[in-house]
Amino acid sequence: MNAKKSILLIVLVLLIDQISKIYIKTNFQLGEEIYVFDWFRIHFIENNGAAWGTELGGKTGKLILTLFRLCAIVGIGIWLRNCIRDKSHHLLIIAVSLIFCGALGNIIDSVFYGIIFNDSYGQVATFTSSEAYGTIFHGKVVDMLYFPIWQGILPEWIPVMGGKFFTFFNAIFNIADSAISIGVMILLFFSKTIFPKDESKNKE
């Protein structure tokens, strides 16, 4: 896995992420939903926070999160550069590349969407609108992938949640979130392959 392949993967995923977000933003009103299957829907929401719709309070919280993302992307970029330079395992380079492009995809929303789109409340947003809904660093992240695989009333015998309506899986996310999650799962599931123990040290 060399630098060219890593860059190609990053560009490909980033393009899919941004094209899907711009399409949703310019064709859906906020809250609009289309059923693809009962267990998969396109549902347009926006959030001010981290991956998977996590929120931070107010404009200050939003700014802090965006600045943290910018710092994080620099660190992830350095990690990726070092992995390629050191010819690390290809799964590690793939994982870090996915995490990098996922983080970058959501950063683009946070930094620029507030100044290139108008509101989606009760209307379809316009790209490069003169009536932008926010300011730089205060854009909202576009989410649209919704997989309510099961919905219903939980059995009474289940602690705390018993008898309540429950949806599995209730998160609404985007391609960038998916890339980050897949990258992290690769690191977790293939950790022994990616980070082999030094047998010579164990013998000592």
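**Salt bridges in a predicted model**

Being four residues apart in helix α1 (residues 3–27), K21 and D17 are separated by about one helical turn. The model examined here is a predicted one.

**Exercise 1.** Determine what interaction joins the side chains of K21 and D17, and state whether each residue is buried or exposed.

*Solution.* Step 1: the N to O distance between the two side chains is 3.0 Å. Step 2: a salt bridge requires a side-chain nitrogen of Lys or Arg within 4 Å of a carboxyl oxygen of Asp or Glu, and K21 and D17 do form a salt bridge. Step 3: K21 has 0% relative accessibility and therefore counts as buried. D17, at 1% relative accessibility, counts as buried.

**Exercise 2.** Identify which residue of helix α3 pairs with K21, and describe the resulting network.

*Solution.* Step 1: the closest N and O atoms of D109 and K21 are 3.2 Å apart, and the two residues form a salt bridge. Step 2: D109 belongs to helix α3 (residues 90–116) and K21 to helix α1, so that distant parts of the chain, 88 residues apart, are linked. Step 3: both D109 and K21 are buried. Step 4: a network of salt bridges links D17, K21 and D109.

**Exercise 3.** Analyse the salt bridge between E46 and K25.

*Solution.* Step 1: these side chains meet at an N to O distance of 2.5 Å. Step 2: E46 lies in strand β2 (residues 40–47) and K25 in helix α1, so the pair ties together parts 21 residues apart in sequence. Step 3: the relative accessible area of E46 is 15%, which makes E46 buried; K25 is buried at 0% relative accessibility.

How values were computed: Residues numbered from 1 in each chain as written. Predicted model: local features only at pLDDT ≥ 70, side-chain atom pairs only at ≥ 80, totals over all residues. Heavy atoms only, no water. Helix = DSSP H or I, 4+ residues; strand = E, 2+ residues; numbered from the N terminus. Buried < 20%, exposed > 50% of the residue type's maximum accessible area, 1.4 Å probe, protein only.
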